[in-house]
Structures are given as C-alpha cells and as structure tokens.
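Colleague: I should like to learn how to read burial, cores and cavities in a model of this kind. Might we take them in turn?

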Amino acid sequence: MAKVGKKYQEAVKSFDRIALYEPLEALTIVLTNAKAKFDETVEVAFKLGIDTRHADQQIRGAIVLPNGTGKTRSVLVFAKGEKAKEAELAGADFVGAEDMIAKIEQGWFGFEVVVATPDMMGMVGKLGRVLGPKGLMPNPKTGTVTLDVARAIKEIKAGKIEYRAEKAGIIQAPIGKASFTAEQLLENYRALAETLAKAKPAAAKGQYVRSVTVSSTMGPGVRINPAKALAQ
C-alpha cells in the first residue's frame, strides 16, 4: 500500500469523505486542503452513465473556461503560407510543416497543444502513432483542425480545455488552480457541467451523472452530490 504524507492524512480527517457536498462546499474544502508548496491544479471527475463502446454514446469536445486554467499552454500549429503568418501573429509558440514533422519524428515534444489547418492533416496524420497516445492529435471536434487558426490559438491561450469520456465513462478535466477563489472555480465547474448536460446522448439510459469528485493535485477527493452536480 502506498504511503501517504502527513498533510494528506490531515486533509482526509478534515471532512466527511462519505458525505455528498454542494459544488461550492466541495471546492472550498479542496482549496482549504491544498497546502503543497506549488500552485496545485484543481480537477473534477464526472462518472457518467454512458457506454462508450457505442458511437452514439461517446462524448468529446472542448470549452473555454470563464476564468481560464491558470496555466498558459504552448501551441504548435501546422500551417503554410498566409495561415502560418496568421498563426505567428496570433501568438503560436511554434509554426511549421515538414520541418516540425521531422522534429517530432526525432523525438521532440516541446508543445502541449497541436492545431492544424485542414490541408495539413494528410501530412500530420502520419504522426498519429506518436501524437495519438499523448492526446495531441488535432481533431475537428475539439476545434484544433480549423482554418481559423488565430481564433483557435487565442481560445487555447485563454483557457480552453478538452474533455473526453474514457472507457469507463469518466470525464476528468482541470478547472483551475489552488490560487483561484472558490467562486472562480465554481464558475469554471459550472461551465463544464452545463456543457456535459447538453452533451447527454439520447441513447444513454438511467442516471446520467453517477458520481462527481473534485480534488487538487496532492489532496484527497471530495464528492459532489450527483443529483445537484449539473444543476448548480
């Protein structure tokens, strides 16, 4: 069994781990117990009543959080000509085509998000085996395959996050930092919760939200009442 630190043990004793809290209450508890020496990331995990084996029950997309994520991500854009210039002006960290593909094939991964214009996808597709497992492959559903590269870059820099239901129907995503106020985290939480409510597949049967947990990087999970998880 993994050994847990003293701060974690104290955090676990500070609240009822079985209880189901209102979203704001849960986030306040998370912030109170985020005592690491770095600015911890606050995450939420939704366990949904969906069967991702069926195409009509898969959930994937992206949203711009109202208060951002507290982190600026580095963006690589695959584009040529005017679109490459547009990407550079919009603040892309890296812009290129064949040259960037060659660097990645040699093992370079100095970026966190990849954006590509549609005409570049034939070329970028060759990197699927290395970008796919890292969750870096551009996708139209998340707005990372687009002709409007400037908008894509600005949204990513402003706090755009991607979400995707895993095999077990769990969607996990960052909603901010421990340096945020509980109200800022609640706004971000609500934005994601409302998006997931709208994304409920028609084929999903029974209770849609099975469980919701919020936590910080080094802290224990705090449970949110599933019945109120999307209503807040």
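**Burial, cores and a cavity**

Modeller: This is a predicted model. Let us begin with T144, which counts as buried because its relative accessibility is 3%, below the 20% cut-off for that class.

Colleague: Where does T144 lie in the chain, and which residues does T144 touch?

Modeller: T144 sits in the loop between helix 6 (128–131) and helix 7 (149–158). Leaving aside residues up to four places away in sequence, T144 touches V113, V114, V115, A116, P138, N139 and E162. The side chains of T144 and T142 are also joined by a polar contact of 3.0 Å.

Colleague: How many residues does the largest nonpolar core have, and which have the most contacts inside it?

Modeller: The largest nonpolar core has 38 residues, and F46, I59, Y189 and L192 have the most contacts inside it. Among the elements that give two or more residues to this core are helix 2 (23–32), strand 1 (41–48) and strand 7 (170–177). Helix 8 supplies the largest share of the core, eight residues. As for L192, its contacts beyond four places in sequence are V44, F46, I63, Y163, A173 and I175. There is also a second, separate core of 16 residues, which includes M100, I104, V114 and L136.

Colleague: How is empty space found, and what lines the largest cavity?

Modeller: A probe the size of a water molecule, rolled over the atoms, shows where empty space is left. Here the count is one cavity of 30 Å³ or more, and the largest cavity holds about 30 Å³ of space. F15, I29, V30, N33, A34, S216, G219, P220 and V222 line the largest cavity. This lining comprises six nonpolar residues, three polar and no charged.

Methods. Residues numbered from 1 in each chain as written. Predicted model: local features only at pLDDT ≥ 70, side-chain atom pairs only at ≥ 80, totals over all residues. Heavy atoms only, no water. 1 Å grid on protein atoms, 1.4 Å probe; cavity = no way out; pocket = protein on both sides within 12 Å on 5 of 7 lines; lining within 4 Å. Points joined across faces, edges and corners; volume = space filled by probe spheres on them. Nonpolar A, V, L, I, M, F, W, Y, C, P; charged D, E, K, R; others polar. Helix = DSSP H or I, 4+ residues; strand = E, 2+ residues; numbered from the N terminus. Buried < 20%, exposed > 50% of the residue type's maximum accessible area, 1.4 Å probe, protein only. Polar contact = N/O pair within 3.5 Å; in protein donor to acceptor, adjacent residues only side chain to side chain. Contact = heavy atoms within 4.5 Å. Core = buried A, V, L, I, M, F, W, Y, C linked by side-chain atoms within 4.5 Å.
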